[in-house]
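Hi,

Here is the structure I promised to pass on to you. Have a look at it first, and then read on for what turned up when I went through it.

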Amino acid sequence: MTKKVTMQQIADHLGVSKYVISKALSGKKGVSGATRDRVIQTASQLGYFSQTSGYVKPIKSGRPEEAPDESEVKQSMFVLMPNIRFQTKDSEYWGKILDGITKRLEDKGIGMFIVMEQNVESFLHLLNPEGIMGLIGVGEIATPMLLEIHRLGVPMVLVDHEDPLIPSDTVFANNYDCMYRLAKHLIGVGHRNISFIGNSRYSRSFFDRWNGFRNAMEEFGLWIKDEHLTALDNMEHYDEPIKAWAMRKKKLGTLPTAVVCANDSLAMDAARAFRELDIDVPGEISITGFDNIDTRHHSPSLTTVNVPKETLGARAVDKVLERINYPKEPFEKILISGEMVYRDSIGSANRQPRVDS
């Protein structure tokens, strides 16, 4: 019988400590992305993933001598979050979802292995269905990858993502209701000309936020189809397209009194664009965001919706464990309520937009 590959052998092969290997395979902080990639590649080449799940139990104290022995690893949880666009562990949004998953698994004594692989073949090489309890997918994941996971019969829960081709449990913030309430608040303080900024097709969450906004506007007879900035390609910042859109609106005298942005990053980009155009926030235009990421240094402070990001992750763990125990139960879409956070970036609609001569 082939001798079992250990973490110590991987460490010796790379010339690093066993503690580094343990941290890299468990997705713990303190290991660079390049080192982690080298560890995963070497572990794969040595056959580590083919004999076991390749995961380690969370190290609670952070002391090297308490890293668990490989023989203790039976089954663990696979956490898949492909590293695309802004979807990274360092993100103030996605990173906190991962924190929620990690904390809940640690509390339950379950090991985990975070993979940010985008290539289906590479991912399947790592995936050993017999060595894992289940899989939690975080954010956007390509359909071919989800189809392979489904084909293998691995219990799966998706967080902030769904795929019409893949039957699975999902966990979302209650995006529609939160955006509906936020739009109604703006209407309640006098705004009637309100525009939406964000690509409604970017994700299911953005689509639900767009629909919540639209329905609130339609309910009050305020919906105007072509007043919104939704044709946004994927880029790091959106200052320039927002600025060009606002310039056109300002010249035509149709600048809205408020803009509802699909998330906080877009809202901060909008605020910078308006500042460059000498459009006062909130004096001339109110701005709202969504997600409640860290905007402490933003002025004025941003009105937003707090998405309980750690709770999304924790609830996904609970659901995948429930799915493992009750595999034949109907699939569920779990919605976690968000909370309005009212700050200084909105005011009443008591001004007339300035028109450049």
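Once sequence neighbours within four places are set aside, His 237 is in contact with Asp 269 and Arg 272. Please keep in mind throughout that this is a predicted model. His 237 sits in the loop that links α9 (204-219) and α10 (239-252). Is this histidine buried or exposed? With a relative accessible area of 45%, His 237 falls in between and counts as partly exposed, because that class runs from 20% to 50%. Leu 266 is also worth finding on your screen: 29 residues separate His 237 and Leu 266 in sequence, while their C-alpha atoms are 7.7 Å apart in space.

Now for the interior. Of the 357 residues in the protein, 52% are buried. The largest nonpolar core has 73 residues, and those with the most contacts inside it are Ile 101, Ile 136, Val 138, Ile 197, Phe 274 and Ile 287. Apart from this core lies another one, of 28 residues, with Met 7, Leu 80, Leu 158 and Ile 166 among them. As background, nonpolar side chains tend to be buried together in soluble globular proteins.

Ile 136 makes a good place to centre your view. Beyond its neighbours within four places in sequence, its contacts include Met 77, Phe 78, Val 79 and Leu 80. Ile 101, Val 157 and Val 159 are also in contact with Ile 136, as are Ala 316, Val 317 and Val 320.

On the secondary structure, the protein has 12 helices and 11 strands. Two pieces caught my eye.

The first is helix α7, which spans residues 143-152 and has Met 145, Leu 146 and Ile 149 as its buried residues. Viewed down the axis of α7, these buried residues fall within an arc of 95 degrees, so they line one face of the helix. Just after α7 comes Gly 153, with a positive phi of about 80 degrees.

The second is strand β10 (residues 333-336), where the side chains alternate. Ile 334 and Ile 336 point to one face and are buried, whereas Lys 333 and Leu 335 point to the other and are not. Strand β5 (residues 169-173) runs parallel to β10, and four bridges join the two. Across this pairing, Val 171 stands opposite Ile 334.

Finally, two overall numbers for your notes. The protein exposes about 16600 Å², of which carbon and sulfur atoms supply 49%. Among contacts between residues at least 6 apart in sequence, 71% join residues at least 24 apart.

Enjoy exploring, and best wishes!

Conventions: Residues are numbered from 1 along each chain as its sequence is written. This is a predicted model: local features need pLDDT of at least 70, side-chain atom pairs count only at pLDDT 80 or more; totals for chains, interfaces and linings use all residues. Side-chain values use heavy atoms; hydrogens and water are left out. Buried means under 20% relative accessible area, exposed over 50%, partly exposed in between (1.4 Å probe, protein chains only). Contact means heavy atoms within 4.5 Å. Accessible areas come from the Shrake-Rupley method with a 1.4 Å probe; for residues, only the protein chains shown count as cover. A nonpolar core is a set of buried Ala, Val, Leu, Ile, Met, Phe, Trp, Tyr and Cys residues joined through side-chain atoms within 4.5 Å. The arc is that of the directions from the helix axis to the C-beta atoms. Two strands pair if DSSP finds at least two bridges between them.
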